[in-house]
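Student: Could you take me through one part of this model in detail? I'd like to hear about the helix packing, and then whatever sits around it.

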Amino acid sequence: MTDISHDRLLIIDFGSQVTQLIARRLRELNVYCEIHPYNSVDEAFISGFAPRAVILSGGPDSVTRDGSPRAPQKLFEMGIPLLGICYGQQVMMHQLGGTVDSGHGTAEFGRAFVTPQNSLNILEGWFNDGDEQVWMSHGDHVSKIADGFEVYGTSPNAPYAITADVARNFYAVQFHPEVHHTPNGSKLYENFVKLAGFTGDWTMGAYREQAIAAIREQVGDEQVICGLSGGVDSSVAAVLLHEAIGDQLTCVFVDHGLLRMGEAEEVVTMFRDHYNMKLIHANEQELFLGELDGQSDPETKRKIIGKLFIDVFDKYARPIGAKFLAQGTLYPDVIESVSFSGGPSVTIKSHHNVGGLPEKMDMALVEPLRELFKDEVRDLGRELGLPDSFVGRHPFPGPGLAIRCPGEITRPKLEILRKADAVYIDQIRKHGLYDDIWQAFVAILPVRTVGVMGDGRTYDYACALRAVTSVDGMTADYFPFSHEFLGETATRIINEVEGINRVTYDITSKPPGTIEWE
Ligand code: XMP
């Protein structure tokens, strides 16, 4: 649903994996934009959309190949500012009369440095100390620029790294300014939207209003159910939906007995008592822990939990007769689940959540956070009035403590794990480190070790502390705690948690490790 009350920017998508990041950079600049695939954008569409500016994204194809994607030719005659990125740059040159080659030796993948040639409006404030780091990912290259264009920056393998036809407001760059590895790339977008006349009127408040209108339009008078885990994503989705459709929403909170200390009470208090939502607290601890009894293989455990989760959800949700299932799917979840190669991808871990539910229950999905990244969801949560204690929470996996308890899962081990985890998180909060860490937790190890406490011998469990920094959970580094912090935390856990007599710190990054232990 296009929002017609704001200035709009159109992103024509040629299939790059990072196109969403362009949208994200623009939202950071409070610019309303929509991404549309190149094959659904024709002249009529563009006229109707009436964009103030257009960005042509990157993409995997080669413009030298017959039948490869193109932009509608009319785009170049509409008198609006255009920015072409990577494949978008090549499409632009090709369609405006320049030449693109698939020559050998001119590919560039990864970090490169661009040297400025002349000053240019979209580069203002960017090239501070000469060469600028950018991220390149191209096989083809422009070998002749179109009439009217001039060169403003070069890299060793891209003589036309930055070109522009300033009179027509056409800009073309070979690299990706939207990615992390182009550290000052946002400046380029900022300058581009400024020259296109955007006023920055697209805020999280505006996003919220539009999302609410879109939810209402999608679901009409039907009932909607939502799996609420108490994590940031499902919490924000639930509050947004509740604001949109009130009592047409029922949330199901599955308590599988694998939650952290006090978690179930917190979720119920917040959503049922504070927000007055229709919330079903499905206490199914016996069922889950019973089925997991004696199981120690990680994938078997995950599969059992995944299947039970769907059964339980179905049991509680079916009587409601909902036509829609709401999920807090984020953009990184969307890309992670798509295989771009088209080939079979290796299953590292079975992610379960509510996958498989829509088919089983014949429901359509409502995914109001589908375009957002984690930190944007947090902003939206704040905008909706969710307290910081919820919005800033570390991610918690669907299978819960099961994947932090390698080997067999027993109630006594879960109890020990809960206590140790609570002490560890308390330490992290006390030291003011919680918000610097992506995720922190304790894993209880399936080994007992010998210790000495007082004058007695102990033979108790060892545990591992885990804390990582990450941008999206797909890669991660261990958090560099001080030795003092680690020492103090180990002492507290051993003193306060009966059943643990040894504490280790996991310093594995991802890859090669994963964040969770199973
Ligand atoms: P890994 O362990 O794969 O985890 O490095 C990456 C991120 O995903 C979370 N995770 C899950 N989240 N269902 C979830 O909702 C799952 O099955 C699941 N497995 C892992 C993990 O906590 C980390 O944030």
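Tutor: Here is a walk through the helix pairs, followed by a pocket and a few backbone details. Keep in mind that this is a predicted model.

Let's start with α6, since α6 turns up in two of the pairs. Two packed helices are described by the angle between their axes and the distance between the axes. For helix α5 (residues 204-219) and helix α6 (residues 232-245), the axes come within 9 Å and cross at roughly 65°. That makes α5 roughly perpendicular to α6, because angles of 65 to 115 degrees fall in that class. The handedness of this crossing is right-handed. On the α5 side you'll find R208, A211, I212, I215, R216 and V219, and they meet L240, L241, E243, A244 and I245 of α6. Sorted by class, that contact has eight nonpolar residues, three charged ones and no polar ones.

Now look at what α6 does with α12. These two pack at an angle of about 40°, their axes 10 Å apart, and are therefore oblique to each other. Here α6 passes α12 in a left-handed crossing. From α6 come V232, D233, V236 and L240, while α12 supplies K374, V377, R378, L380 and G381. The class split is five nonpolar, one polar and three charged. If you want a residue to click on, try L240: L240 is listed in the contact with α5 and also in the contact with α12.

A further pair is helix α8 (residues 285-292) with helix α9 (residues 298-317), whose axes come within 10 Å and cross at roughly 150°. That makes α8 roughly antiparallel to α9, because the angle is over 145 degrees. The α8/α9 crossing is right-handed. L287, F288, E291 and L292 are the α8 residues involved, and their partners in α9 are K301, I304, I305, L308, F309 and V312. By class you get eight nonpolar, two charged and no polar residues in the contact of α8 with α9.

Back to α12, which leads us to a pocket. The second largest pocket has a volume of about 1,400 Å³. It is lined by 49 residues, and the closest to its centre are V18, L21, H180, F373 and D472. Elements giving two or more residues to that lining are α1 (19-28), α3 (87-95), β7 (132-138), α10 (331-336) and α12 (374-383). The lining divides into 18 nonpolar, 18 polar and 13 charged residues.

Next, have a look at Y505, found in strand β20 (residues 500-505). Setting aside neighbours within four places in sequence, Y505 is in contact with Y424, L465, R466, A467, Y478, F479, F481 and L486. As for G473, 32 residues away along the chain, its C-alpha atom is separated from that of Y505 by 19 Å.

The segment after β20 includes P511 and P512, and there the backbone deserves a check. A cis peptide bond joins K510 and P511, with omega about -15°. Another cis peptide bond joins P511 and P512, with omega about 10°.

One last backbone stop is A50, in the loop between α2 (43-49) and β3 (53-56). Phi of A50 is near 45°, a positive value in a residue other than glycine.

Methods: Residues are numbered from 1 along each chain as its sequence is written. This is a predicted model: local features need pLDDT of at least 70, side-chain atom pairs count only at pLDDT 80 or more; totals for chains, interfaces and linings use all residues. Side-chain values use heavy atoms; hydrogens and water are left out. Axes are lines fitted to C-alpha atoms, for helices over the stretch in contact, and angles run from 0 to 180 degrees between N-to-C directions. Helices (H or I, at least four residues) and strands (E, at least two) are DSSP runs, numbered from the N terminus. Angles under 35 degrees count as roughly parallel, over 145 as roughly antiparallel, 65 to 115 as roughly perpendicular and the rest as oblique. A crossing is left-handed if the near helix is turned anticlockwise from the far one by less than a right angle, and right-handed if clockwise. Contact means heavy atoms within 4.5 Å. Ala, Val, Leu, Ile, Met, Phe, Trp, Tyr, Cys and Pro count as nonpolar, Asp, Glu, Lys and Arg as charged, and the others, Gly among them, as polar. On a 1 Å grid over the protein atoms alone, a cavity is a set of points where a 1.4 Å probe fits but cannot get out, and a pocket is an open set with protein on both sides within 12 Å along at least five of seven lines; lining residues have an atom within 4 Å of a point. Grid points are joined across faces, edges and corners, and a volume is the space filled by probe spheres set on the points.
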